[in-house]
Amino acid sequence: MRQRQKISAALAASAATAAAAAATMAMGSPPPTTDIPPAVGAPPSGPCALPGIRDDVSESATTPAGYARSYGTVKALILFVDFPDARATLSPRARFAEFFPAATDFFRTSSYGRLSYHPKPLLRWIHMPQPVSAYGITRGGAFDPDSDTGYYALSRDLVRAVDASVDFRGYDIINVLATPNAGPAATRTVLSVTFSGGDMGLRTADGVPFRNASFIWSRQVGDSAFRVLNHENAHSFGLPDLYYANGRDTPALVGHWDPMDEDWGPSNDFLGWHKWKLGWLAADQVRCAPRGGPAAEHTLSPAAAVGGTKIVVIPTAARTALVVEARSRGPRDPAVCRPGVLIYRVATDVPSGHGPLRVVDANPRSRGCFTTNKYVDAELTDATFRPGAIYTDRASGASVTVLEERADGTYRVRISPAARDPRA
Ligand SMILES: [Zn+2]
C-alpha cells in the first residue's frame, strides 16, 4: 500500500543534487548477467500519454518530480531493523536473501533489461530504541512529523542510527526490512507500506530528504513472496494501488494481471500501461489510436516476449483510455490459463486505491480458469478476449476485434478508435 504525501517544490533541486552525487559514486558490484539485450526505453509522450493527477501516485502517463527513477540504474539502500520486544532471530543476510536476488531479477526481466536494480544492504540489525508496540505501527499508519509515534518517529530513530555511516545521496530508494517477528503475521494484516514522492519533513545529515522509502514487515506466503518489495518499490516509481483501499470484499478490478493489485501467490507481470509509464518500453512498442482516427490493424506481442508491440492505447476522453495488450503464460505469468488479448480501462484522474484501472472481463461471472490458488482472484483469470471476439465501448464508440492468434504467439487485432471529441 501507499500513503499519500504532499510534494514540495524544493524537491526537484534536491533530486538533481542526489542524481549528480550518485553519478560520481563508484559503481558497486556489476549487475547480474542477462540474456536480454539492453535497449533504450522511452518515457511516455504523444497524444496517448494522458495527463492526470500530478501530486500523488496515479495512472497519469508522466510521473511527477520527487519520485524515484524507474529505468536505467536504480540504487536501493537496504536497512534492517529490530526492536527491544522483537529481537531478530536470523542474520541480516538471511532476511536479505528472502528478497534478493529475486526482486532484482523480477524488475530486470519485467522491464526487458531496462531497469538495472542495485540493492546495497547495510548488513547489521539496527536496534530501534523503542518497542515496536510503542511506535504504534498500524495499517495505514501516517508519517507525521508532529507525532512521537508512527513512521516519522521510526524513521527519525533509524536515520539517527545510520546517518554517520550511510550517505543517503547515493540512493534512489530506501527499503527498511523489519525483523519478521515484529508485528502481526502478513496473513493477518499487511503492514508493508511506502512513502513516496514528496518531502516528508525528515532530512538526513547528507542534506537529502528521507523519502521514497518502503517498510517491509512480516512475511508473505507463496512461491513469490518477495514481490511485496516490487509492489512497494513501484510506489516509489509512481504506480498506484489497484485494489480498493477500503476493504477487499468488493470484486477485484484487476486481479492477478498486475502486482499493484495482487502481489501474493504465483508471479504476475506488470500491465503494459505500467511498463510504458515506468520507461520500460521503446517508443515503437506503443501504438496510439487517437480519437477520430482511422481503424487499423496491429500485431500484439505478449508481455512475456521481449520485443514487438506491447500496447495499443485508445483514448476515450481527456483522462481515460482503453488499453489493449496480449498476455500468455511465461516465467513471470505462470498463472495465465487463457492466453489472449486483455483490455482494460485507465483513468488518470482516479486516486490510488479507488479503482484507477479496471480490467474488462470477457467472461463475466464465469468464476475464471485458474481456481487452485487462494491468492489469485479467479474470476478475472479468463478475462482475455480470444480470436473472433469483438469488444465495443458503447460510450466512446471504440472497438477491438481479435482477428487471429499466430503460430508465433502474437495476436492480430483491429482497432477502431473512439469518436472524435465533440468539443474539439
Ligand atoms: Zn501498495
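Two residues are in contact if their C-beta atoms, placed from the backbone, lie within 7 Å. With that in hand I looked at the contacts in the protein chain between residues at least 6 apart in sequence, and noted that 70% of them join residues at least 24 apart. I keep in mind throughout that this is a predicted model.

**Entry: the chain as a whole**

I looked up the secondary structure and found 7 helices and 15 strands in the protein chain. I then turned to burial, and noted that buried residues make up 48% of the 424 residues.

**Entry: helices α3 and α6**

How do α3 and α6 pack, and at what angle? I read an angle of about 55° between helix α3, residues 102-110, and helix α6, residues 227-236, with their axes 8 Å apart. Because angles from 65 to 115 degrees count as roughly perpendicular and those under 35 as roughly parallel, I enter α3 as oblique to α6. The crossing of the two helices is right-handed.

I next listed who makes the contact: on the α3 side these are Ala-103, Phe-106 and Phe-107, and on the α6 side Arg-227, Leu-229 and Asn-230. Sorted by character, the residues of this contact divide into 4 nonpolar, 1 polar and 1 charged.

I also noted, as background for reading the α3 side, that an α-helix has 3.6 residues a turn, so residues three or four places apart point the same way.

**Entry: burial of the two helices, and what follows them**

Which residues of α3 are buried? I found Ala-103, Thr-104, Phe-106, Phe-107, Thr-109 and Ser-110, and what covers them includes strand β3, residues 115-127, as well as α6. Just after α3, I noted that Tyr-112 takes a positive phi of about 55°.

For α6 I looked up the burial in turn, and this helix is mostly covered, with 10 of its 10 residues buried. The buried residues of α6 include Arg-227, Glu-232, His-231 and His-235, and I wrote down Val-228, Leu-229 and Ala-234 as being among them too. Just after α6, Gly-238 takes a positive phi of about 110°.

**Entry: strand β2 and its two partners**

Having met β3 as part of the cover of α3, I followed its pairing and came to β2, which pairs with β3 in the parallel sense over 10 bridges. Within that pairing I located Val-74 opposite Tyr-117 in β3.

β2, residues 72-82, also pairs in the parallel sense with strand β4, residues 173-178, over 6 bridges, and there I found Val-176 in β4 as the bridge partner of Leu-79. I checked the burial of β2 as well, and this strand is mostly covered, with 8 of its 11 residues buried.

**Entry: strand β11 and its two partners**

I then went to β11, residues 340-347, and asked how many of its residues are buried. The count came out as 8 of 8, and I record the strand as mostly covered.

Strand β10, residues 320-327, is joined to β11 by 8 bridges, and the two run antiparallel; one pair I picked out has Leu-322 with Arg-345 in β11 as its bridge partner. β11 also pairs with strand β12, residues 357-359, in the antiparallel sense over 3 bridges, where I noted Leu-357 in β12 as the bridge partner of Val-346.

Note on methods
Residues are numbered from 1 along each chain as its sequence is written. This is a predicted model: local features need pLDDT of at least 70, side-chain atom pairs count only at pLDDT 80 or more; totals for chains, interfaces and linings use all residues. A residue is buried if 20 or more other C-beta atoms lie within 10 Å of its own, exposed if 12 or fewer, and partly exposed in between; C-beta atoms are placed from the backbone. Helices (H or I, at least four residues) and strands (E, at least two) are DSSP runs, numbered from the N terminus. Two strands pair if DSSP finds at least two bridges between them. Axes are lines fitted to C-alpha atoms, for helices over the stretch in contact, and angles run from 0 to 180 degrees between N-to-C directions. Angles under 35 degrees count as roughly parallel, over 145 as roughly antiparallel, 65 to 115 as roughly perpendicular and the rest as oblique. A crossing is left-handed if the near helix is turned anticlockwise from the far one by less than a right angle, and right-handed if clockwise. Ala, Val, Leu, Ile, Met, Phe, Trp, Tyr, Cys and Pro count as nonpolar, Asp, Glu, Lys and Arg as charged, and the others, Gly among them, as polar.
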